[in-house]
Amino acid sequence: MNKRILLIVLFFVAVIAIALVLYFFIFRTNISAPPINEAQNLINEQTGKLPVSREQWEGMTINERASANLPLYEWQEAAPAQSSEAQPVVLQVSEIANGGKTIINPVSNDSAQSATLSFDGQNSLFYNSTDGKFYQVDKNGIKTSLSNQVFHNVSNVNWAPNKDRAIIEYPDGFKIMYDFKNQKQYTLPNNWEDFSWDSRGNQIVFKATSQYSQNNWLAVANSDGTGARAIENMGDNGDKVTVSWSPNNQVVAFSATGQAQSAWQQEVLLIGQNGENFKSLIIDGRGFETQWNPRGDSIAYSVYSADSGYKPTLYLVKAQGDEIGNDKINTGLNTWSHKCAYNSSGSYLFCAVPKSLPEGSGMMSELATNLQDNFYKINAITGEKTFLAEGAMGGYDVSQLFISGDDGTLYFIDKNSGILRYIKLR
């Protein structure tokens, strides 16, 4: 009997011992350390730091360290984890055009209509429609009136090359030539239009129009309107004639009345004062718009075609003597020539190029509203393009631009506000 009781007691003691062993080696380990997955998440969530201190690690058993995915035999600090948060982007803005976002400064807050570079090559001239006066202004906005006379409601101004005279036009067709140096004005006939000056500013070429086609003439005259003489009868083709007196005084106009070429190619005739038989230009589209290199030996022109999605495309080509039509370059830029300007030497062409143009904008310019322009510099010999700048606070729709005489400043008119602005080129 005593032997049986002893066996029962030993049995219960063994059961309790086994239970204690299981508790210490299994259940206690699981309670004191999180699962491996959770331990790894703790490491990740705490930006690379271990979930325990070194003192805590030293007090853990090998099994506890293994369960927590911690170093087993040697303490190691985990490498700092990279933050998953996006780093703030620092906007890089330059005061000088170098191919990125660039500060664009206003010359003044006045509406600057028909702005141009002054004869000194640094300051600007413009008409202020608010007070009806003409001013010279420097980059600091300091203005000097060119005349005490007030010119109300001017619609267009065509400056002479030496900038001391201008043809001023009004909405009702009234036109004058005003001499700012001598403060005198000369009335021009109402049927004269589309003026262009010779290189010395002494003569003008224009279209003399009439209700009868036989009386529509391309003509020249002295700047005060005297000495007018006819050059070519335009007939019904006046809209195909582009008045543009070349700086070398050889050509006074272009006429897109040559022989038909292909569906989009046109022959453009160059017209002189004395019936010269110049070579013609073959251009690659419609909507011909041009301006001369300052030397008068080449032109930049824009046309549109089906190949360009009816958007204007800018070309360079020779336009003097036997070289007329040679070395044509398609710049690949979709812009109009009136949004471009040569520097004083004619070595580079600077252009405002819309960031985006809708199809058909070459045919219907009203489609190209509220544009934002980037600025490019083009080598006038090779056609190589350099991206100059985009506006730091977005872009502007450029209606015209010009370059200072030292090539250090690009001026332009913001079409929407009428304000004259500038970009530093160096």
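# Notebook: strands, sheets and cores

I began at one pair of residues, where Val-137 stands opposite Lys-143 in S6. Before going further I noted for myself that this is a predicted model, and I kept that in mind for each entry below.

**Entry 1: the sheet around Val-137**

I looked up how S5 and S6 are joined, and found that three bridges connect them in an antiparallel run. The two strands form a hairpin with five residues between them, and in that turn Gly-141 has a positive phi of about 85°.

I then followed Val-137 in the other direction, since it is also the bridge partner of Ser-124. Here the pairing is between S4 and strand S5 (residues 133-137), which is antiparallel and extends over five bridges. This pair is a hairpin too, with four residues between the strands, and Gly-132 takes a positive phi near 75° in it.

One step further along, S3 is joined to strand S4 (residues 124-128) by three bridges, again with the strands running antiparallel. As an example of a matched pair I wrote down Thr-116, whose bridge partner in S4 is Leu-125.

Putting these pairings together, I drew an open sheet of four strands in the order S3-S4-S5-S6, with antiparallel pairing. Which strands stand at the edges of this sheet? They are strand S3 (113-117) and strand S6 (143-145), and each has a single partner strand, so one side of each is left without a neighbour in the sheet. I also looked up the twist, and neighbouring strands are turned by 25° against each other on average when direction is ignored.

**Entry 2: another open sheet**

I next turned to an open sheet of four strands with the order S19-S20-S21-S22, where the pairing is antiparallel. Its edge strands are S19 and strand S22 (329-330), each of which pairs on one side only. Between S19 and S20 I found five bridges in the antiparallel sense, and in S20 the bridge partner of Thr-290 is Tyr-301.

**Entry 3: the nonpolar cores**

I wanted to know which residues have the most contacts inside the largest nonpolar core. That core has 16 residues, and the ones with the most contacts inside it are Phe-254, Val-268, Leu-281, Ile-283, Phe-288, Ile-299 and Tyr-301. The elements that give two or more residues to the core are strand S17 (266-271), strand S18 (281-283), strand S19 (286-292), strand S20 (298-304) and strand S21 (312-318). The largest share, three residues, comes from S20.

To see the core from one residue, I listed the contacts of Phe-288, leaving aside its neighbours within four places in sequence, and found Thr-242, Phe-254, Val-268, Ile-283, Ile-299, Tyr-301, Ser-302 and Val-303. There is also a second, separate core of 15 residues, which includes Leu-388, Ala-389, Val-398 and Leu-425.

I added a reminder of the general pattern: in soluble globular proteins, nonpolar side chains tend to be buried together.

**Entry 4: two loop residues**

I then checked Ser-244, which is found in the loop between strand S15 (241-243) and strand S16 (253-255). Is Ser-244 buried or exposed? Its relative accessibility is 11%, and because buried means under 20%, Ser-244 counts as buried. Its side chain is joined to that of Trp-292 by a polar contact of 3.0 Å. Not counting residues up to four places away in sequence, Ser-244 touches Ser-196, Val-251, Val-252, Ala-253, Phe-254 and Trp-292.

For a second loop residue I chose Glu-276, whose place is in the loop between S17 and S18. Its relative accessible area is 32%, so Glu-276 is partly exposed. A polar atom of the Glu-276 side chain lies 3.0 Å from the backbone nitrogen of Asn-274. I also looked up Gln-250, which is 26 residues apart from Glu-276 along the chain, and their C-alpha atoms are separated by 9.0 Å.

**Entry 5: the whole protein**

Finally I stepped back and noted that the protein has four helices and 29 strands. Of its 426 residues, 43% are buried. Among the contacts with a separation of 6 or more, 42% are between residues 24 or more positions apart. The accessible surface comes to about 22600 Å², and 50% of this belongs to carbon and sulfur atoms.

How values were computed. Residues are numbered from 1 along each chain as its sequence is written. This is a predicted model: local features need pLDDT of at least 70, side-chain atom pairs count only at pLDDT 80 or more; totals for chains, interfaces and linings use all residues. Side-chain values use heavy atoms; hydrogens and water are left out. A nonpolar core is a set of buried Ala, Val, Leu, Ile, Met, Phe, Trp, Tyr and Cys residues joined through side-chain atoms within 4.5 Å. Buried means under 20% relative accessible area, exposed over 50%, partly exposed in between (1.4 Å probe, protein chains only). Contact means heavy atoms within 4.5 Å. Two strands pair if DSSP finds at least two bridges between them. Axes are lines fitted to C-alpha atoms, for helices over the stretch in contact, and angles run from 0 to 180 degrees between N-to-C directions. A polar contact is a pair of N or O atoms within 3.5 Å; within protein, one must be able to donate a hydrogen and the other to accept it, and residues adjacent in sequence count only if both atoms are side-chain atoms. Accessible areas come from the Shrake-Rupley method with a 1.4 Å probe; for residues, only the protein chains shown count as cover.
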